[in-house]
Amino acid sequence: MNVREIAFQSLLTICRDEGYSNIVVSKAIQTHQFADRDRRFYTELVYGTLRCLNYLDWIISQISTRKLQKLDPVCLAIIRLGLYQIFGMTKVPKSAACNEAVKMATKFGNRGMAKFVNAMLRNSIRRRSQFVIPDKGENIVAHLALTYHQQEWLVRRWIEAYGPDDTERLCQYFDTIPPLCLRVNTAQTSREELLADLEKQGLPARPAAISPDGIYLDGNPGIHELTCLRDGRAIIQDEPSQLVAHIVDPQPHEVIFDVCAAPGGKTTHLATLGGPSCVVYGGDIHEHKLRLIEYNAQKLGLKNVRTLLQNGCTIGQKYAGKADRVLVDAPCSGLGVLRHKIDLRWRKNPSDLRTLPALQRRILDSASQCVRPGGILVYSTCTMNDDENSRIVAAFLKNHPEFHVENATQWLPVPGHEGPFIQLLPQRDGLDGFFIARMKKEG
Ligand SMILES: C[S@@+](CC[C@H](N)C(=O)[O-])C[C@H]1O[C@@H](n2cnc3c(N)ncnc32)[C@H](O)[C@@H]1O
């Protein structure tokens, strides 16, 4: 199979079979052992097409007499991939994009499909001047959604919350490719040493501004080439996620519960910061995900991580008062991290936002029972949705006068934030949307 065909197969798996893009892409890269140039072309084809999906579908809706939902998923994936090369990439000749798409339709579909794909793509090139996105005055929601590739219901929500200008900044942020961020495994090396090593390898890198353990790698290096990930000197973790363990602030000899822990990004960070005498229990409701926590702990050489198959909604009954510190990194709408996992942005729907707060409240309530008197409870999410953040904490505090809020920024200063909560907003802070609250139980 050539690179385009592999990209097509990946898109089909993601769009038709609901595969996770990061897993599908990573598997394909490992299986096919691409040369550097091919790897870049492959990832650009898959991620680029996924990122622009609504714009590509909007073009399809203008030139096709058939409804998008009625198109064969194979045919749809080939057309989307072809359109992305025509409208989203400057270096691919349009004729090559059409010819290769037609070949794929013949190979993976049939002659009728090949004829349809050919007509669609050549039509799109001929009629390209007609594809004019509505301007802001005409329809700001459609304008922002099509320009920056977001679902309209989300754009509408953001306009209500932040106004049109901040919404445009937010959409712009989510439409950029995130730089790769590493967390240094400080049990094995220091940030300075790792930066020097990366420089020696000719990989441009810079320290993160807020996280003391973060390193940004510019220039999109292949993660399979990074020796520091293979030998456990670092792990991939975005900067806002790295702030959480510092705010939990685990200490030697303590018992820490991380209630919603998989795949263990924060569990392993807590175990590193607490040192070998501190024990961190990483709990999750899904057994298969516990293996990911174990894998990451082993990769980083951590011997103080234990896993716990446990529903966070009932954990308090079993482990009341057992932990010095408890982290609830709750399942959330993930609206703050839409720049990553681009496929997820098309899968979000308003009902997620309605059902999640009840679950978050139940988990926080039960997990809080695990905190010993005088212990610490930290609640975090990767969203900017107040219903999942400050309102959850406010409701919790109302029902639990034995807890009071502490100013999270005392444990890690975040420029422009006075606390007590940390609420990162992409349009203001230039980082993914994230929420962290720290609370203390009466002694
Ligand atoms: C935001 S993710 C956690 C990310 C993790 N803390 C990290 O840093 O790698 C939320 C996790 O909560 C788990 N989860 C969902 N519902 C749960 C429940 N009722 N009890 C425990 N874990 C749950 C999910 O399986 C998922 O792994």
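**Exercise 1. Identify which secondary-structure elements each supply at least two residues of the shell around the ligand, and describe that shell.**

Solution. Start with the elements: α13 (265–274) and β6 (279–284) each supply at least two residues of the shell around the ligand. The model is a predicted one. Next, take the residues that come nearest. Of the 19 residues around the ligand, these are Cys260, Ala262, Gly265, Gly312 and Asp329. Last, sort the shell by class: eight of its residues are nonpolar, seven are polar and four are charged.

**Exercise 2. Determine which strands pair with β9, and in which sense.**

Solution. Step one concerns strand β8 (residues 323–329). Its pairing with β9 is parallel and spans six bridges. Within this pair, arginine 325 stands opposite isoleucine 376 of β9.

Step two concerns strand β12 (residues 434–441). β12 and β9 run antiparallel and are joined by six bridges. Here valine 378 has arginine 438 in β12 as its bridge partner.

Step three asks how far β9 (residues 371–381) is enclosed. Eight of its eleven residues are buried, so the strand is largely enclosed by the rest of the structure. As background, side chains in a regular strand alternate between the two faces of the sheet.

**Exercise 3. Locate cysteine 382 and decide whether cysteine 382 is buried or exposed.**

Solution. First, place the residue: cysteine 382 lies in the loop between β9 and α18 (390–399). The UniProt record, an unreviewed entry, puts the feature "active site" at Cys382.

Second, apply the cut-off. A residue counts as buried if 20 or more other C-beta atoms lie within 10 Å of its own. Cysteine 382 has 24 other C-beta atoms within 10 Å, and is therefore buried.

Third, list the contacts, leaving aside neighbours within four places in sequence. Cysteine 382 is in contact with Cys332, Gly334, Gly336, Val337, Asp432, Gly433 and Phe434.

**Exercise 4. Give the domain division of the chain and describe the contact of domain 2 with domain 4.**

Solution. Begin with the bounds. The chain is divided into domain 1 (3–130), domain 2 (140–174), domain 3 (180–236) and domain 4 (239–441). Then take the separation: the centres of domain 2 and domain 4, taken over C-alpha atoms, are 28 Å apart. Now count the residues in the contact, to which domain 2 gives ten and domain 4 gives eight. Finally, classify the side of domain 2 that touches domain 4: six residues are nonpolar, two are polar and two are charged.

Terms used. Residues numbered from 1 in each chain as written. Predicted model: local features only at pLDDT ≥ 70, side-chain atom pairs only at ≥ 80, totals over all residues. Buried ≥ 20, exposed ≤ 12 C-beta atoms within 10 Å, placed from the backbone. Helix = DSSP H or I, 4+ residues; strand = E, 2+ residues; numbered from the N terminus. Pairing = 2+ DSSP bridges. UniProt positions renumbered as here; feature names shortened; annotations may be inferred. Contact = placed C-beta atoms within 7 Å. Domains from an automatic or database assignment. Nonpolar A, V, L, I, M, F, W, Y, C, P; charged D, E, K, R; others polar. Near = placed C-beta within 6 Å.
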